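Open the model in your viewer and switch to a cartoon view. This tour goes from stop to stop, with something to select at each.

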Amino acid sequence: MPKILVLAKIIEGDLNPFDGAALETALRVKDAEVTVISMCPKTAEPALRALTRLGVHHVTLLTDRVYAGSDTLATSYILSLAVKRAGYDMIFCGRQTTDGDTGQVGPCLAEMLGIPCLTNVMKEPIIGEGKIECVTRFGEESAALPALLTFERMCNLRAPSIFSREKDIEILTNDHIGADPALCGLGGSPTRVLSVEENDKGRRRCTFISSAELPALLDSLAGEQAKTEEYPEAENKMEHIAVIGKKPYARAAALAKRVTVIESTDADEICDQVKSLDPDAVLWAADLWGRRTAPRLSARLSCGLCADCTELETDGETLFMHRPARSGNVVAKIKCVTRPQTATVRCAEGSGGLIIAAGKGIEDKLEAVKKMAEKYGAELCASRPLVDEGKMPYSSQIGLTGRNAAPAVYLAIGISGAVRHTCAIENAGKIIAWNPDNSARIFDYADYGIVEEF
């Protein structure tokens, strides 16, 4: 009987939906013993008790005041002790949480445990003798067991049977786990949040037109040039920044006197080079590979990592990192107190003359949008709902959990304009929004708007 540990987080009384997909997948594994472990405040107990009605064999709440304020590295350390205590063949968890959006705990934990990690799993895995096979955002992948898997929202958690009853859950404190208090909580966290502000960046003044005027508008904008990435030069530069791959080079060059590019994609080699170079900071691109690999390096070096940074600044010694949080509704300013200071940074991808992006609002008219993109020679992209439903590939996803886009013209059709989407298109030259709802948020971030059915 395979033993599957599912790591789950309760956020404002509800199970993190990505963790819900991981739990549902575990419950579908034939003859598996499923245990849920959650590191949360004691207030999460009712929501965790409810999970016992789903067929889960065991639920453990890991809670202690010493854990309060733990960042991803400290959280991974605490969880590593808990899962070692429980024993496992596989560990399942969500790709990320909806409050932090970092996606770091899974890879970081796997590194601490010394086991393989497959991220962004899209379909139910095939479990064989000593190995597991998956379809991920990277393609078809496999790993030897034991292994850790992080799941996309590829399925919904089942509802409890009307005949099921809640069972008791196990509550463990640090007296049971034995974590070093110096490595837990705020004091043991290498990343520190300095400030949090509402994210209202990227607002524009919208001029409304009719759909009949769109062809002429697109023709008039045809000569527009895509924006290039330009970053202000720091007044006081850091001595040395290493970048993994060339994508973050421009950002690093604006912040440091010397920039070293590490081209390797091998985690062991990257770690060795970083140790040898001893840079002040290390920057990764916030792409799929960077999000999977950077947390593992963070665990190896016991250094802080800030995810999905949209802005960076420095006073010559400290790297100040700005990143969207809480689904993009706020921007947090963060620093690392360990060295090297590390971050994954969002780099504009797929920039060009014209991008046409489809949203949930026109999922039944996707073929018409595709024909429109072909007509204008545009790159076809999408918001997250269409990608989550498998109607568009992940490579096309624009948004906080996808990629940034800075084309000359960005035409959003059927997209409501959630913060997690608009934060990724704020550097586009001109933005045109097409949505039948005149109160849609997307119009606050567009230069032109069409309030009609597509």
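## Stop 1: helix 8 and helix 9

Select helix 8 (residues 267–277) and helix 9 (residues 288–301): their axes come within 10 Å and cross at roughly 55 degrees. An angle of 55 degrees lies outside the parallel, antiparallel and perpendicular ranges, so helix 8 is oblique to helix 9. The crossing of these two helices is right-handed. Keep in mind that this is a predicted model.

Now show side chains. From helix 8, pick Ala 267, Asp 268, Ile 270, Cys 271, Val 274 and Lys 275. They meet Trp 289, Thr 293, Leu 297, Arg 300 and Leu 301 in helix 9. What kinds of residue make up the contact of helix 8 with helix 9? Seven are nonpolar, one is polar and three are charged.

## Stop 2: strand 4

Move to strand 4 (residues 33–39). Is this strand mostly covered or mostly open? Strand 4 is mostly covered, with six of its seven residues buried.

Add strand 1 (residues 3–7) to the selection. Strand 1 and strand 4 run parallel and are joined by five bridges. To see one pairing, label Val 6 and its bridge partner in strand 4, Val 36.

Next add strand 5 (residues 58–62). Strand 5 also pairs with strand 4 in the parallel sense, over five bridges. Here, label Thr 35 and its bridge partner in strand 5, His 58.

## Stop 3: helix 3 and helix 4

Select helix 3 (residues 72–86) and helix 4 (residues 105–113). They pack at an angle of about 55 degrees, their axes 9 Å apart. That angle makes helix 3 oblique to helix 4. The crossing is right-handed.

Which residues make the contact? Helix 3 brings Thr 72, Leu 73, Thr 75, Ser 76, Tyr 77, Leu 79, Ser 80, Val 83 and Lys 84. Helix 4 brings Val 105, Cys 108, Leu 109, Met 112 and Leu 113. By type, the contact of helix 3 with helix 4 divides into nine nonpolar, four polar and one charged.

## Stop 4: around helix 4

Stay on helix 4 and hide helix 3 for a moment. Seven of the nine residues of helix 4 are buried. These are Gly 106, Pro 107, Cys 108, Leu 109, Ala 110, Glu 111 and Leu 113.

What covers them? Bring back helix 3, then show strand 1, strand 6 (90–94), strand 7 (117–121), strand 11 (147–151) and helix 9, which are among the covering elements.

End at Gly 114, just after helix 4, where phi is positive at about 70 degrees.

Note on methods. Residues numbered from 1 in each chain as written. Predicted model: local features only at pLDDT ≥ 70, side-chain atom pairs only at ≥ 80, totals over all residues. Heavy atoms only, no water. Axes fitted to C-alpha atoms, helices over the stretch in contact; angles between N-to-C directions. Helix = DSSP H or I, 4+ residues; strand = E, 2+ residues; numbered from the N terminus. Parallel < 35°, antiparallel > 145°, perpendicular 65-115°, else oblique. Left-handed = near helix turned anticlockwise from the far one by under 90°. Contact = heavy atoms within 4.5 Å. Nonpolar A, V, L, I, M, F, W, Y, C, P; charged D, E, K, R; others polar. Buried < 20%, exposed > 50% of the residue type's maximum accessible area, 1.4 Å probe, protein only. Pairing = 2+ DSSP bridges.
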